[in-house]
Amino acid sequence: MTDIKQKPLPVQKTEAEWRAQLSDLAYRVTREQATERPFSHDAFPQGAAIYRCVGCGTELFDQAEKFDSHCGWPAFTAPTEGAPVGESVDRSHGMVRVEVHCDNCGAHLGHVFPDGPGPTGLRYCINGVALVHEPKE
């Protein structure tokens with residue numbers, strides 16, 4: 001696991017640029033490590049799609065890896081192969097969890113847990129406002 005705050009990122013913007021680009025909630029989630037309320041994000045449409053980082057547009061997840069975990073946030077079994085999804089230890093809220101973030105822009109995406117379905121056994125629990133849904137043609 002890497003500490004996202006300790007390494008240079010390919011996409012760098014000023015706080016003013018981030019605030020101008022992102023909604024208030026997306027800013028709090030991706031830049032300040034907040035979490036959107038469970039079941040507060042509208043469900044993404046079904047069908048073939050990719051999910052991009054709201055901060056930099058990088059492809060992170062594929063609809064083929066998405067599943068309904070009933071946790072209140074979009075869940076995936078794995079990032080897209082080669083996607084810049086990094087991990088770091090999150091010790092906030094009196095817990096120890098594994099945070100996932102975009103290694104291109106540093107956006108906080110959510111957390112990964114070892115309670116997902118096969119084949120990975122992982123559940124990438126991602127804030128919906130951290131993603132942009134893009135249907136495949």
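Here are some notes on this predicted model, point by point.

1. Let's start with the sheet. Six strands make up an open sheet, running in the order β3-β4-β8-β7-β6-β5, and the pairing is antiparallel. The edge places go to β3 (66-67) and β5 (85-90): each has a single partner strand, so one side of each has no neighbour in the sheet.

2. Next, the pair formed by β7 and β8. Strand β7 covers residues 108-113, and strand β8 covers residues 123-126. Four bridges hold this pairing, in the antiparallel sense. If you want a spot to look at on screen, try F113, whose bridge partner in β8 is R123.

3. The loop between β7 and β8 is worth a look too, as P119 sits there. The peptide bond joining G118 and P119 is cis, with omega about 0°. For background, most peptide bonds are trans.

4. Staying with β7, have a look at G110, which belongs to this strand. Is G110 buried or exposed? G110 counts as buried because its relative accessible area is 2%, and the cut-off for buried is under 20%. Setting aside neighbours within four places in sequence, G110 touches V98, E99 and V100, and also C125, I126 and N127. As for A75, 35 residues away along the chain, its C-alpha atom is separated from that of G110 by 9.8 Å.

5. Now the cysteines, which you may want to know about at the bench. How many disulfides does the model have? The count is zero. A disulfide, after all, is a covalent bond between the sulfur atoms of two cysteines. The rule used here asks for a pair of cysteine sulfur atoms within 2.5 Å. For C53, the closest cysteine sulfur is in C105, at 3.5 Å, so the two are too far apart for a bond. C71 fails in its own way: its closest cysteine sulfur is in C125, and at 3.6 Å that is too far for a bond.

6. What about the exposure of those cysteines? C53 is buried, at a relative accessible area of 1%. C71 also counts as buried, with 17% relative accessibility. Both calls follow from the cut-off, because buried means under 20% relative accessible area. C125, the cysteine with the sulfur closest to that of C71, is also one of the residues in contact with G110.

7. Two residues in the loop between α2 and β1 have unusual backbone angles, so keep in mind that most residues other than glycine have a negative phi. Q33 has a positive phi, near 60°. Its loop runs between α2 (24-32) and β1 (49-53). F39 is placed in the loop between α2 and β1 as well, and its phi is also positive, near 60°. Their exposure classes are as follows: Q33 is partly exposed, at 33% relative accessibility, whereas F39 is exposed, with a relative accessible area of 65%.

8. Last, the largest pocket. It holds about 300 Å³ of space. Which residues lie nearest its centre? They are A43, K66, D68, W73 and P74, out of a lining of 16 residues. Sorted by class, that lining has seven nonpolar residues, six polar ones and three charged ones. K66, one of the residues nearest the centre, falls within the range of edge strand β3 (66-67).

Conventions
Residues are numbered from 1 along each chain as its sequence is written. This is a predicted model: local features need pLDDT of at least 70, side-chain atom pairs count only at pLDDT 80 or more; totals for chains, interfaces and linings use all residues. Side-chain values use heavy atoms; hydrogens and water are left out. On a 1 Å grid over the protein atoms alone, a cavity is a set of points where a 1.4 Å probe fits but cannot get out, and a pocket is an open set with protein on both sides within 12 Å along at least five of seven lines; lining residues have an atom within 4 Å of a point. Grid points are joined across faces, edges and corners, and a volume is the space filled by probe spheres set on the points. Ala, Val, Leu, Ile, Met, Phe, Trp, Tyr, Cys and Pro count as nonpolar, Asp, Glu, Lys and Arg as charged, and the others, Gly among them, as polar. Buried means under 20% relative accessible area, exposed over 50%, partly exposed in between (1.4 Å probe, protein chains only). Helices (H or I, at least four residues) and strands (E, at least two) are DSSP runs, numbered from the N terminus. Contact means heavy atoms within 4.5 Å. Two strands pair if DSSP finds at least two bridges between them.
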